[in-house]
Each structure stands twice: as C-alpha cells, then as structure tokens.
Amino acid sequence: MTITRRTFDVYQLIATKMKKQNLEEFAATIRGELVFPKSMEYENTRKVYNAMIDKKPGLIVKCVDVADVIASVNFGRNNKLLTAVRGGGHNAGGLGICDDGLVIDLSGIKFIRVNTSDKTVRVGGGNVWGEVDHATHPFGLAVPAGIISTTGVGGLTLGGGIGHLSRKYGLTIDNLLEADMVLADGSFVTVDKNHNNDLFWAIRGGGGNFGIVTSFKFQAHPVKTVYAGPTLWPIEKTEEIMEWYHDFINNAPDELNGFITTLNIPGPPFPPQLHHKKFIGIVWCYAGDVKNGPEIFKPVMDMNPLFEHVGEMPYPSVQTLFDGLFPTGMQWYWKADFYNDIPREAATAHEKFGAKIPTPLSQMHMYPISGAASRVGKNDTPWAYRDAKYAGVIVGVDPDPANAEKITSWTKLTGMRFIHIHQEVYI
Ligand SMILES: Cc1cc2nc3c(=O)[nH]c(=O)nc-3n(C[C@H](O)[C@H](O)[C@H](O)COP(=O)(O)OP(=O)(O)OC[C@H]3O[C@@H](n4cnc5c(N)ncnc54)[C@H](O)[C@@H]3O)c2cc1C
C-alpha cells in the first residue's frame, strides 16, 4: 500500500517518535489495507458489535494472510504500539479494539475447508460462526459454537465456546484439534496435543494474548436437521418453570440442549398477541434423531407453554434464530457468572428482575454446562468451570444510546442481587 502525505499526517497520531520511513517500509510489506483516522472507511472499520465501545485506534491493519499478521506484530512491537487483535468484533468489553494504538484486524483472513473423510474443518482466524455453519451444513456436519451467527470464531473459541451442541459434543475448545499462531516475537507455530502442548492448553479457554491464531482446525460432528425452537410461559410462572427446568435438563439426554431466558417479546417473528409482554422461555435444540423429537419434547409440552414453535429445522436455522433481533451497533451492558444450582431464591430473583426488564431486547439467560462439556477434566484446559451447571448472563440491550444508563443500572442491580445469592448458595 502507498502512503500518501495525508495518511502520513494522520499517522502522527499513533506514534510521534516513529520515522515516516518505518511506516512506508511496513506498508510496502502489507497485502491488505491500512486504515487511518482520516481514511474514508475509518469510522466503519473501527466500529465493533457493542456500540457502547467507542475506541479510536491510530492505525487499523486489515490483514489478508499470515504474512500480514507477522509484519503487523513486528511493526507494533518494534514501535512499542499498544496493539489489539480483532476477530469478529463481538467482545462485550471491546477487547478487539484500542485507543490510539494499532489494531490487527483479522476479518480478511477467511477460508473454510471441510474434510469429509475425517470430519475436520479448517477455519480462518477471521471467520464468523455463520460462515462455518454454512460451509459444513451441506456435508451434514457441524462444529459446536455459540448461538448468534455473527460471533467471531477467534474470540469465542479462545474463550471456551458454549452453545446448543455443548451437552452432546462439548465446548468449542473441546473440539479444537490444532491452531496456527503468530507469537509476540513474530514467529509462527502450529500447536496441537503433540506440538507446543503448553500453548495448545493455554488457548483452549485462556482467551486472547497468547498469540494470534490465523487458522483453527476443529473436529466436526454429524448434525444436519435438529428438532428445535422456543417455548414461552408467562413471567409469573418463572419459579415453577425454573425449578422444573433444572430437574429436567440435568436428567435429559446429552442430545437435548435448552437455555432458559427471561425476556420481553419485542415483535416479529413472534405473533402479535405476544408482543411487548414478558416471559420465561426456553430455547431448545435436540441434536438426536428427529423422529424422537415429539417423544423427547412430551414433558416440555406437558408444562403447557403459552407459546411453542418447536419442530424440525436445519441446524443453521436454529443458529441464526436471533440474528435479526440483535444486529450489530446496539448498546450492550453485560454481567455474567457461573452457577451450580437454581434454588428457589434465584428463581424468585429471575421473576422479580425479569418483570422489570427495562427495554424490549434486554434479557437474562442461563446456558447449561452439563453432558459432554462437564466430562472434561477441570485442569485439562484453562476453562475450569466444568463442575458448574450453568453459565448465566444478564444483558441490558437497546439500539438507542439515550437508554444506556437505563440498561446499565438494571443489569448492575440484577447482577448484584445474583452475586448475593451466589455467595450464599452457588459455587
Ligand atoms: C450477541 C452475542 C452472543 C454471544 N453468544 C455466545 C455464545 O452463544 N456462546 C459463547 O461461548 N459466547 C458467546 N458470546 C461471547 C463471545 O464468544 C465473545 O464475546 C467473544 O470474545 C467474541 O469473539 P469475537 O472474535 O467476535 O470478538 P473480538 O472482539 O474480535 O475478540 C475478542 C477477543 O478475542 C481475541 N481474538 C479474536 N480473534 C482472535 C484470533 N484469531 N487470534 C487471537 N486472538 C483473537 C481478541 O483479541 C479479543 O481479546 C456472544 C457475544 C455476543 C456479543
């Protein structure tokens, strides 16, 4: 890339001591794109999923290959630049972006190759999960991942990865076989159980910062059509449903997953009579033989949901069910924790704070961590919550920045109540 006078002036923002020549030499080695604060595309490129994060890097390098990543790491280190690594840009706290420094953006490193003979999948460091599901589905395969398809493969995998297939096939990290990485000194390594084993251990739940993963290799599993969808009950039934759910899900076959949620129905695709009302709901996914679906769901239907939309659907459909409700660019405030029980007090708190959900998209979720995810040893990966039964999140969400304070205070208050219960009852 050629550095113009204008971009160089802007570059002064990132490192006043650096020589223009350094930047020119760096730019000459990059096949991707350099985005500066005055570049036309700067505003869009620096945005991340959570619009509460508003950071302004001095330089964004949109890498397209491993060589770009190596050059960027060396450039950042040699010039002592604060450096952030960006995958899908979903991180709640904005870890993929920084103020003033260098952002190594991996969104141009996308490739997916499905190997049908050993059911493995190679994925680029900048892919998002919807792309992986799209590529594996025609072969009747899936890699366990999260529930929103725009989430990055990078951040989700390095953090653990909980989703609809966790009970049957484990967390995403439990299905990671190998990774190619660029380390802080610019070296390139491949890690797996036989090579650089300590680093392979660290990236399975230890988060970012151990290096930049340019390629992941996952074990995929036979998942094509699932029996899935939501069931809803009035919010007043929260205590009854949560107590029943705790017992039911922890005794259900591994093929059945269902996360429980306290939510407001904001609008379509739900029918109009449900709009703007609050519910306790469960979003299900049965990844066993769909012929068994009706029998598996009989106990659920016996709980007389007010609304249900459970049936056969392609796996990518359940993975994208909520994409439309949660586009990029909204305000998000998060609290999260792990729990090993749903005592009456917690169910009561869900009902109380669920009834006060401040905006149509704010929610509370509890994702089960049982089945295969719980059978991995506590020290086998850095992801040490194997004996917890649930990962819980409280999210205040709204498109309007004017509601930022409202969603933040509800989330904090709810979180404080849950921490109190947690101290008394939970792990
Ligand atoms: C709407 C929504 C739904 C979610 N659902 C789930 C879910 O169902 N299950 C679940 O487990 N999690 C879920 N998450 C959490 C999600 O996994 C994390 O926010 C994750 O960090 C996002 O990864 P990313 O690559 O998109 O984010 P980024 O912000 O780009 O990156 C997050 C972190 O990972 C690092 N990173 C990213 N890619 C790489 C790479 N290739 N090499 C090295 N470091 C890298 C970044 O430096 C940063 O520290 C959800 C998040 C959101 C916003």
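This briefing describes the ligand shell, the strand pairing and several individual loop residues of the structure above. The model is a predicted one, and the ligand in it is surrounded by 28 residues, the closest being Val85, Gly87, Gly89, Gly152 and Ile162. Strand β4 pairs in the parallel sense with β2 over 4 bridges and, likewise in the parallel sense and over 4 bridges, with β3. Strand β3 is also among the elements that give two or more residues to the shell around the ligand.

**Ligand shell**

- Three backbone approaches to oxygen atoms of the ligand can be described: a backbone N or O atom of Gly89 lies 2.7 Å from such an oxygen, a backbone N or O atom of Gly152 lies 2.9 Å from one, and a polar backbone atom of Asn91 is 3.0 Å from one.
- On its own the ligand has 950 Å² of accessible area, and the protein covers 89% of this.
- The elements that give two or more residues to the shell are β3 (83–86), α6 (153–159), β10 (212–219) and β17 (331–339), and the largest share, 4 residues, comes from α6.
- By residue class, the shell around the ligand is made up of 13 nonpolar residues, 14 polar residues and 1 charged residue.
- Gly89 and Gly152, whose backbone atoms approach ligand oxygens at 2.7 Å and 2.9 Å respectively, are both listed among the closest residues to the ligand.

**Strand pairing**

- Strand β1 (residues 33–35) and strand β2 (residues 59–62) run antiparallel and are joined by 3 bridges, with Leu34 having Val61 of β2 as its bridge partner.
- Strand β2 is in turn joined to strand β4 (residues 102–105) by 4 bridges, this time in the parallel sense, and here Val61 stands opposite Ile104 of β4.
- Ile104 of β4 is also the bridge partner of Val85, in keeping with the parallel pairing of β3 and β4 over 4 bridges, and Val85 is itself listed among the closest residues to the ligand.
- Both faces of β4 are covered, since Leu102 and Ile104 on one side and Val103 and Asp105 on the other are all buried.

**Buried loop residues**

- Asn175 is located in the loop between α7 (166–169) and β8 (176–182), and it counts as buried because its relative accessible area is 3%, which falls under the 20% cut-off.
- The side chains of Asn175 and His221 are joined by a polar contact of 2.7 Å.
- Beyond its neighbours within four places in sequence, Asn175 is in contact with Pro144, Tyr169, Gly170, Lys217, Phe218, Gln219 and His221.
- His137 is found in the loop between α5 (129–136) and β7 (141–142), and because its relative accessibility is 17% it too counts as buried.
- When neighbours within four places in sequence are left aside, the contacts of His137 are with Lys224, Pro314, Tyr315 and Pro316.

**Loop residues that are exposed or partly exposed**

- Lys80 sits in the loop between α4 (66–78) and β3, where its relative accessibility of 75% makes it count as exposed.
- The backbone of Lys80 has a phi near 55 degrees, which is a positive value in a residue other than glycine.
- Asp289 has its place in the loop between β14 and α10 (293–296), and because its relative accessibility is 37% it counts as partly exposed, a category between under 20% for buried and over 50% for exposed.
- Asp289 and Glu255 are 34 residues apart along the chain, and their C-alpha atoms are separated by 8.9 Å.

**Other backbone features in loops**

- Asp100, in the loop between β3 and β4, has a phi near 75 degrees, a positive value in a residue other than glycine.
- Pro268 and Pro269 are joined by a cis peptide bond with an omega of about 15 degrees, and Pro269 belongs to the loop between β13 (256–264) and β14 (278–286).

Methods. Residues numbered from 1 in each chain as written. Predicted model: local features only at pLDDT ≥ 70, side-chain atom pairs only at ≥ 80, totals over all residues. Heavy atoms only, no water. Near = heavy atom within 4 Å. Polar contact = N/O pair within 3.5 Å; in protein donor to acceptor, adjacent residues only side chain to side chain. Areas by Shrake-Rupley, 256 points an atom, 1.4 Å probe, with all protein chains shown as cover. Nonpolar A, V, L, I, M, F, W, Y, C, P; charged D, E, K, R; others polar. Pairing = 2+ DSSP bridges. Buried < 20%, exposed > 50% of the residue type's maximum accessible area, 1.4 Å probe, protein only. Contact = heavy atoms within 4.5 Å.
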